[in-house]
Amino acid sequence: MRYGAWLLLLMIVFQACNDIEQPQEDIMMGKDIHSFSEPGKAVAKHLSLQLQVDFDTKQLSGIATWDIDTAPDAEEIIFDTKGLIIDSVFLNDDTTAVPFSLGKEDPVLGQALRVPLKAGAKRVRIVYRTSPGAAALQWLEAHQTAGGRHPFLFSQSQCILARSWVPCQDSPGIRFTYDAEVKVPQGMLALMSAENPQQKSADGVYRFRMRQPIPSYLLAIAAGDLVFKPISARAGVYAEPETIEAAVHEFEDLEEMIQAAEQLYGDYVWERYDLLVLPPSFPFGGMENPRLTFATPTIIAGDKSLTSLVAHELAHSWSGNLVTNRTWNDFWLNEGFTVYFERRIMEAMYGRDYAEMLAELGYQDLRQTIARMGENNKDTRLKLDLQRRDPDEAVTDIAYEKGYFFLRLVEETIGRDKFDAFVKTYFQRFAFRSMDTESFVEYFQKEVLDKNPGAAKAIRMQEWIYGTGLPDNCPKVNAVRFRRVEQALQDWLNGTPADSLPTASWSSHEWLHFVRHLPAGLSVEQMKALDEAFGFTQSNNAEIQAEWYTQAALHGYSDAYPAMEAFLLKVGRRKFLVPIYRALLQTEEGKALAYDIYAKARKNYHYVSVSTLDEMLQWNEKVHKTP
């Protein structure tokens, strides 16, 4: 079924009052290689979830009740699971359990839960428990939180980890609405990617509702000693009491950011936009869970200099949450559009020069990633091939930055006004639907290339999307403020004392550019001189800390090692961990230090970070002992 544009606009305007049906054509579009489900035969449409949170056993237990749609000849419905303990399954309101089966376990995909159907089956009720090691969930002890009074739980469902805490059809191409009832210990606040409470309940029971259909990777839960403070009528911050004031100050421009985004690409349609500041073990900078972005505390720098990450997660409210990549092979459609949108938001708020610094840092990351992977590596393509692989491997700078530069090339080729009109219409036309690369190419050809003579030759779309490496027509970035940073660095190398450099007005991005460009041959004495002048080792800015500790490892600057170890023991953000550990592995001394630190820190990291670092460090628990 294909909706007209007018109806899609009405859906956006009135979605708060009405459930939005996912077009059947989306559901029927091919099989997702990362899901056992067969939604063309039987698809889950609404989830009613009852959960008990047990911090002692580190388990969730409860009931997942799915409303389903089935084809007339459907004999079963298939759900994805990973490490779940399925106790019983019921159909409709029956009190007699039906037989079910769990398929052979796949190390990446988990197990298929097959439930036989009978005529008239409209509901499946699954009684289950999670395993204590559920990949999506991190259970923190009280001492790992800011307050130290209560434990903490948070989830990270992207890419295919929702199946480790809820039996579901775990594909980004399948959307569902949900409601939930969650019981946590008294004195704690529970939150989800849904309509949320703003105060603690007396009995620890919380109820949630998400009326807009979302894919499973946007299903989220958190519980801890949390408080809420508003920033505007539709935006606010949740955090531990010890963190809340700093967080509210850091994100006080949130409403202005939402309005800047709306001016670009249309109304924000998820009603509220709140932030949850998590403990530092969270493996990502942020996660765009609808209505409740999860954010790392490492972006609280005291000067709002790292809030582009919030702009990124906010942009996902359109690119990703509203129009979603159909499979993880199409991940660039989420992230390329989001990075482009993020930088447009930052430009609107802080000016072109500021946004260009972000773009140049992104270009540096992209070139470094391609150099490390190899120009001909198939994973440098925008359209990925993740057959028999964990889609988390797709989370590289390619989807984000190569995707951004492709879209920037389109903007520069056809003009910003035309490109903005295209993007805004794209979000409206495909709202609450999924999009794969091939469908996008067809739409892009019709709406952009066919309407702009000469654009196809200038853009070379096929090369960007299906070719490896970075095409030679990549847009050029010139962050003027970085040229002054480079001059200051050169002056220092030529003998100007570090404390005489004109750094007073530098932002975090300028400092980051400075540290990134320290030459390979620096002596320990030179590193020490910089540290004494600028206090890099004891910086409170996590971006600068991570870059400095990487440089310290590469240059053997041991004075920074105690602070580096403290950082690695506390922070779980994979973006920071990987470069530091990789730098340590370059020398025998560093390698020994890396293994010593990782042995102590590993238990503090989320599964997402552990899985990457275990492979990089070739970690073997039988050989490497964890304290």
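User: Ala, Val, Leu, Ile, Met, Phe, Trp, Tyr, Cys and Pro count as nonpolar, Asp, Glu, Lys and Arg as charged, and the others, Gly among them, as polar. How many residues of each class are in the lining of the second largest pocket?
Analyst: This is a predicted model, in which local features need pLDDT of at least 70 and side-chain atom pairs count only at pLDDT 80 or more, while totals for chains, interfaces and linings use all residues. Residues are numbered from 1 along each chain as its sequence is written, and side-chain values use heavy atoms, with hydrogens and water left out. A pocket is an open set of points on a 1 Å grid over the protein atoms alone, where a 1.4 Å probe fits, with protein on both sides within 12 Å along at least five of seven lines, and a lining residue has an atom within 4 Å of a point. By class, the lining of the second largest pocket holds 15 nonpolar, 11 polar and 2 charged residues.

User: Which helix gives the most residues to the lining of the second largest pocket?
Analyst: The second largest pocket has a volume of about 620 Å³, and of its 28 lining residues, P280, P297, T298, K570 and V571 are the closest to its centre. The elements that give two or more residues to this lining are helix 16 (542-555) and helix 17 (561-570), where helices (H or I, at least four residues) and strands (E, at least two) are DSSP runs numbered from the N terminus. With 5 residues, the element that gives the most is helix 17.

User: What radius of gyration does the chain have?
Analyst: The chain contains 20 helices and 20 strands, and its C-alpha atoms fill a box of roughly 85 × 65 × 45 Å along the principal axes. The radius of gyration is taken over C-alpha atoms, and the globule rule is 2.2 Å times the number of residues to the power 0.38. For 627 residues, a compact globule would have a value near 25 Å, which agrees with the chain's 24 Å.

User: Are K383 and D330 buried or exposed?
Analyst: The side chains of K383 and D330 meet at 3.7 Å, N to O, in a salt bridge, meaning a side-chain nitrogen of Lys or Arg within 4 Å of a carboxyl oxygen of Asp or Glu. The pair links distant parts of the chain, 53 residues apart, with K383 in the loop between helix 7 (352-373) and helix 8 (397-414) and D330 in the loop between strand 19 (323-325) and helix 6 (331-350). Taking buried as under 20% relative accessible area, exposed as over 50% and partly exposed as in between (1.4 Å probe, protein chains only), both K383 and D330 are buried.

User: What is the relative accessibility of R343, the salt-bridge partner of E401?
Analyst: E401 forms a salt bridge with R343, their closest N and O atoms being 2.8 Å apart. Because E401 lies in helix 8 and R343 in helix 6, the pair ties together parts that are 58 residues apart in sequence. E401 counts as buried at 7% relative accessibility, and R343 counts as buried at 6%.

User: With which residues is T369 in contact, leaving aside its neighbours within four places in sequence?
Analyst: T369 lies in helix 7 and is buried, with a relative accessible area of 2%. Contact means heavy atoms within 4.5 Å. Leaving aside those neighbours, the residues in contact with T369 are D397 and I398.

Notes
Points joined across faces, edges and corners; volume = space filled by probe spheres on them.
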